[in-house]
Amino acid sequence: MKLYAVSDGPPSLSVRMALEALSIPYELVSVDYGKAEHLTEDYAKMNPQKEIPVLDDDGFFLSESNAILQYLCDKYAPDNELYPKDPKQRALVNHRLCFNLSFFYPQISAYVMAPIFFDYQRTDIGLKKLNLALEAFETYLKKSGSTYVAGDSVTIADFPLVASVMCLEAIEFDVSGKYPTVFKWYSGFKTAYPKLWAIAAKGMEEIAEFEKNPPDLTGMVHPIHPIRKVASK
């Protein structure tokens, strides 16, 4: 098994946390984002979306981190509580995965990650959208009253949400004041699962460094995102 991933991307980090939690041996293949390896035709053969990560399980290629998380549990640990079989419990896990993918992480990506890597600015409307996403997450956690995002046991839904909130910590965005339930869950995960958190923490260190010193991506021709020009010295 191979995982094509980047060292600081939340989707990659969430899959790596799952592989660690399930004790599944794999080869980590680093995708050089700065050299746009994910935009090559060879990479497109594995994933036509040209996005990261991609799982190669003996020639079975799977993209989309949520699908990878679900596949790993279904194939390698069908009875594991990380992905419960009870229909309602599994539905809640699936909801939290979808919530992160479609509602929560997009606001974090737009506010935190895009201005670091590309020629975007952090804006008031971006901050408003981020706070709306955090408010929704805070409400879900408060209403459930559970230790983790989909119950009192950790599930694969916690991994991508932890990786998302990690991005906020990387730029020193404080969630503890306005979103205490989110902060309690996030801090509790770190304490309860130090080996899994260590994976995310490495990514956080890189993002924090890029926040101070944005990477030079002038060699990349991106089909969508504008590349930041490097000032002449």
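Start with glutamate 169 and lysine 190, whose side chains form a salt bridge with the closest N and O atoms 2.9 Å apart. The pair links distant parts of the chain, since glutamate 169 belongs to helix 6 (residues 158–170) and lysine 190 to helix 7 (residues 180–192), 21 residues apart. Glutamate 169 is partly exposed at 31% relative accessibility, and lysine 190 is also partly exposed, at 21%. Keep in mind throughout that this is a predicted model.

That bridge has company, as the structure holds eight of them. The general idea is a simple one: side chains of opposite charge can pair when their charged atoms come close. Helix 3 takes part in two more. In one, lysine 75 meets aspartate 57 with 3.1 Å from N to O. Lysine 75 sits in helix 3 (residues 65–76) and aspartate 57 in strand 3 (residues 54–57), so this pair ties together parts that are 18 residues apart in sequence. The two ends have unlike surroundings: lysine 75 is partly exposed, with a relative accessible area of 47%, while aspartate 57 counts as buried at 8%. What puts aspartate 57 in the buried class is the cut-off, because buried means under 20% relative accessible area.

Next door in sequence, aspartate 74 pairs with arginine 90, and here the closest N and O atoms are 3.5 Å apart. This bridge runs from helix 3, home of aspartate 74, to arginine 90 in helix 4 (residues 87–117), and the partners are 16 residues apart. Both ends are partly exposed: aspartate 74 has a relative accessible area of 42%, and arginine 90 has one of 21%.

Now for the empty space. Rolling a probe the size of a water molecule over the atoms shows where empty space is left. The largest pocket holds about 1200 Å³. Its lining takes in 45 residues, and the ones nearest the centre are Pro11, Tyr33, Ile52, Tyr105 and Ser109. Several helices chip in: helix 1 (10–21), helix 3, helix 4, helix 6 and helix 8 (194–212) each supply at least two lining residues. Which helix gives the most to this lining? That would be helix 4, with eight residues. As for chemistry, the lining breaks down into 22 nonpolar, 17 polar and six charged residues.

The second largest pocket holds about 160 Å³ of space. Its walls are made by Leu141, Gly145, Ser146, Thr147, Tyr148, Thr181, Lys184, Trp185, Gly188 and Phe189. Helix 7 provides the largest share of that lining, five residues. By class, four of the lining residues are nonpolar, five are polar and one is charged.

Helix 8 deserves a look of its own. With 19 residues, this helix reaches 26 Å from its first C-alpha to its last, close to the 27 Å expected at 1.5 Å a residue. Its buried residues are Leu196, Trp197, Ile199, Ala200, Ala201, Gly203, Met204 and Ile207. If you want a way to read that list, remember that an α-helix has 3.6 residues a turn, so residues three or four places apart point the same way. And what covers the buried residues of helix 8? The cover includes helix 1, helix 4, helix 6 and helix 7.

Two of those covering helices each offer a residue worth zooming in on. In helix 1, pick out serine 14. Serine 14 is buried, with a relative accessible area of 0%. Not counting residues up to four places away in sequence, serine 14 touches Ser65, Leu69, Phe159 and Pro160.

In helix 6, turn to leucine 161. Is leucine 161 buried or exposed? Leucine 161 is buried, with a relative accessible area of 0%. Leaving aside neighbours within four places in sequence, leucine 161 is in contact with Arg96, Phe99, Asn100, Phe104, Phe137, Val149 and Trp185. One of these partners, Phe137, is 24 residues away along the chain, and its C-alpha atom is separated from that of leucine 161 by 9.6 Å. Another, Trp185, has already come up as one of the residues lining the second largest pocket.

Notes
Residues are numbered from 1 along each chain as its sequence is written. This is a predicted model: local features need pLDDT of at least 70, side-chain atom pairs count only at pLDDT 80 or more; totals for chains, interfaces and linings use all residues. Side-chain values use heavy atoms; hydrogens and water are left out. A salt bridge is a side-chain nitrogen of Lys or Arg within 4 Å of a carboxyl oxygen of Asp or Glu. Helices (H or I, at least four residues) and strands (E, at least two) are DSSP runs, numbered from the N terminus. Buried means under 20% relative accessible area, exposed over 50%, partly exposed in between (1.4 Å probe, protein chains only). On a 1 Å grid over the protein atoms alone, a cavity is a set of points where a 1.4 Å probe fits but cannot get out, and a pocket is an open set with protein on both sides within 12 Å along at least five of seven lines; lining residues have an atom within 4 Å of a point. Grid points are joined across faces, edges and corners, and a volume is the space filled by probe spheres set on the points. Ala, Val, Leu, Ile, Met, Phe, Trp, Tyr, Cys and Pro count as nonpolar, Asp, Glu, Lys and Arg as charged, and the others, Gly among them, as polar. The expected span of a helix is 1.5 Å times one less than its number of residues. Contact means heavy atoms within 4.5 Å.
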